[in-house]
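Reader: Hello! I would like to learn how to read the features of a protein model. Could we look at one together?

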Amino acid sequence: MAKAKGKVTFDEARCKGCGLCVTVCPVGIIKLDTSRINVKGYHPATVDEMDKCIGCANCATMCPDVIISVERE
Amino acid sequence: MAKVLMKGNEAVGAAAIKAGCKYFFGYPITPQNEVPEYMSKELPKIGGSFVQAESEVAAINMVYGAAGAGVRVMTSSSSPGIALKQEGISYIAGAELPCVIVNMMRGGPGLGSIQSSQSDYFQATRGGGNGDYRTLVYAPANVQELVDYTMKAFDMADYYRNPVLVLGDGMIGQMMEPIEFKETEKMDLPEKDWATTGTKGARKPNIVNSLRLQAPELEALNQKIEAKYMEMEEKEVIYESYKLEDAEIVFVAYGTVSRITKNAIDLLEQEGIKAGLIRPITLWPFPNKAFAEIPATAKALMSVEMSQGGQMIDDVKIANEGRLPIGFYGRSGGMVPAPQAIVEAAKELLGGVK
Amino acid sequence: MAVVFNKTQGLTEKEFHYCPGCTHGIIHRITAEVLEELGVLGDAIGVAPVGCSVLAYDYFNCDMNEAAHGRAPAVATGIKRALPDKVVFTYQGDGDLASIGAAEVVHAAHRGEKITTIFVNNAIYGMTGGQMAPTTLVGQKATTAPYGRDESLCGQPLKVSEMLATINGAAFVERVAVDTPANIRKAKKAIKKAFECQLEGKGYAIVEVLSTCPTNWGMTPVDAISWLQENMMPYYPMGNLRNPWEVE
């Protein structure tokens, strides 16, 4: 069975870098980008390997600042 | 309309209903229990709601909620209970909500007594709660005035979006007098478009709130509220002047004590001493302008209050602007001044006035 | 691709002021989603507390009142009595509800007021700087319990849900947590039931939500979640304590 394909979008400027999304991603693709800081002064959450995203919305469910939107095929 | 004989506390309730109040939140305390009792009996008949709250603190916060929902609402209590309501009164003033609060004063401090008193003058006129706010305060002297000013209080509360206090005492709450419910002129009142009634998706959310975290915003709110108080001072002062012409001594008394003082004035007249009375009907704003009517014949003022040492006397001093000597006669703890005692105090004051 | 998760209309565009990792935001979101899903956003009137969520009135996209500390259930009572057809809710923290507002919540439940309370329990006073709450665990440090909560002086933490479940007017009582996506989904279901309880006129409804305070607990947001799981959950067991539909 082919895995569902998903896509997450972060409203990066509103991210507070709390990292809760990182801990709940079942495919482990979210990380805090320590090479950058956003306008709030935090390392924003980001995804490099979006093709691995399954669109489960765990990250968005856990995000306290409601900055993540999720799409799925 | 024919006159009916009613007890003060019940007349307050009837007047409130007549003024369109369908919601009452209260807590038992003597000597005002007939107000909640009356409302618990009458409000269900007109589709309103009565709640006996768990405390005065809760009752006034229920008033806050109902007032925020845009309805006419009232609470009543007596001195220690009004002290507990001060938190809510301050929030109501800060959130600019209209409501009517009745205080049938009893003796204090503390649990005090259940008898009549006027020792909450400071609490009523200075505000017992925190912050820069005022409440319009009506001090009726008889049950008819209690009815009239309770009805007027609802209009004033809606007009100014501010709590209005009706300040009586145990005597006026408990006494029965013939009254009539007069048809009053309908005031042109602004629509309550600020009330939280549900957006219906048709407007932006309304927020009922006294919090202003940014200092300039809170100052702006205070300035807005202060402007209302200045308008009240200009437009809402009510007082009665009685036999001021040629008076040698001018009493200042309010509420039930003003009636006793009128008896004392008659007794003094029989002894050839001319005495008059300034009776503040609004305690805040205080009728400073009444003191301009005091004739040149006056040698002294005397504040007569059911209070030990006097509270209103401070406002009398402000209004007097240092012109005349000011005496005081008062009883406290539920003791009521007798006319003859006021006469003796007046004669003593006049004897000492050069 | 189809959008499977987007921000609810139940929240305004205003950014939350909460500290990073504070779970208030999650609880705001699921409450707002429930209001939207039930189609009652236009009829909803919320009451915000004093505490960290004092500014909740800026975040919920419906009419809101800001109450004095602890008085939200009394304010909500006044609103609901004046407008019985509206959907009235309070959003309160543990200092607000379990301490200064204990009388108001008990008696709103006792009268069976048809209102819904979202009760956020993070075992501490957040806004004022980490002081001890009635819900602070024994041994847990707080700025007014620098040696940890001493049971002999401060008693054991108050179990609000269990207490309210003894009151017949409290028709719906459930304790949930927002520590994992699965528990967040359960929490949302409970909140939905708590509003349905009001819509069906069954009585007072409260959902206690175990929540974190990374800042005042002195932990990272991720560690705070673990601390909640290891320390709060054993003392504050999750589950339904009153359900009006099961009784029938």
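Author: Gladly. Let us begin with a definition: two strands pair if DSSP finds at least two bridges between them. Keep in mind that this is a predicted model.

Reader: Which residue of β7(C) is the bridge partner of Phe119(C)?

Author: The partner is Glu208(C), which sits in β7(C). That bridge belongs to a larger set: strand β5 (residues 116-121) and strand β7 (residues 204-210) of chain C are joined by six bridges and run parallel.

Reader: What holds paired strands together in general?

Author: The strands of a sheet pair through backbone hydrogen bonds, and they may do so in a parallel or an antiparallel way.

Reader: In what order do the eight strands of the open sheet lie?

Author: Reading across, the order is β9(B)-β3(C)-β2(C)-β4(C)-β5(C)-β7(C)-β6(C)-β8(C), and the pairing is mixed. At the edges stand β9 (207-208) of chain B and β8 (239-242) of chain C; each has a single partner strand, so one side of each is left without a neighbour in the sheet.

Reader: Now the chains. Which pair of chains shares the most contacts?

Author: Two pairs of chains are in contact, and chains B and C share the most contacts. Chain A and chain B, by contrast, are joined by no contact, and their closest C-alpha atoms are 20 Å apart.

Reader: How many residues do chain A and chain C bring to their contact?

Author: Chain A brings 29 residues and chain C brings 30. Between these two chains about 2300 Å² is buried, with 63% of that area coming from carbon and sulfur atoms. Three residues, Arg14(A), Thr61(A) and Val66(A), supply 27% of the area that chain A buries against chain C, more than any other three.

Reader: What charged or polar links are counted between chain A and chain C?

Author: There are two salt bridges and ten residue pairs in polar contact. Lys40(A) makes a salt bridge with Glu15(C), with the closest N and O atoms 2.4 Å apart.

Reader: Which element gives the most residues to the side of chain A that touches chain C?

Author: That is β4(A), with five residues. By class, this side of chain A has 13 nonpolar, seven polar and nine charged residues. β4(A) also pairs across the chains: three bridges join β4(A) to strand β1 (residues 2-5) of chain C, and the two run antiparallel. One place to look is Arg72(A), whose bridge partner in β1(C) is Ala2(C).

Reader: Can an interface be read inside one chain too?

Author: Chain B lets us try, with its domain 1 (4-235) and domain 2 (241-352). Their centres, taken over C-alpha atoms, are 29 Å apart. The contact between them takes 32 residues from domain 1 of chain B and 27 from domain 2 of chain B. The area buried between the two domains is about 2400 Å², and carbon and sulfur atoms give 57% of that.

Reader: How many salt bridges lie between domain 1 and domain 2 of chain B?

Author: The count is three. The side chains of Arg126(B) and Asp315(B) meet in a salt bridge, at 2.8 Å from N to O. Across this domain interface there are also 15 residue pairs in polar contact.

Reader: And which element gives the most to the side of domain 1 that touches domain 2 in chain B?

Author: Look at α5(B), which gives four residues. On that side of domain 1, the classes come to 16 nonpolar, nine polar and seven charged residues.

Note on methods
Residues are numbered from 1 along each chain as its sequence is written. Chains are lettered from A and ligands numbered from 1 in the order in which they are written. This is a predicted model: local features need pLDDT of at least 70, side-chain atom pairs count only at pLDDT 80 or more; totals for chains, interfaces and linings use all residues. Side-chain values use heavy atoms; hydrogens and water are left out. Contact means heavy atoms within 4.5 Å. Buried area is the accessible area (1.4 Å probe) that two parts lose on being put together, summed over both. A salt bridge is a side-chain nitrogen of Lys or Arg within 4 Å of a carboxyl oxygen of Asp or Glu. A polar contact is a pair of N or O atoms within 3.5 Å; within protein, one must be able to donate a hydrogen and the other to accept it, and residues adjacent in sequence count only if both atoms are side-chain atoms. Ala, Val, Leu, Ile, Met, Phe, Trp, Tyr, Cys and Pro count as nonpolar, Asp, Glu, Lys and Arg as charged, and the others, Gly among them, as polar. Domain bounds come from an automatic or database domain assignment.
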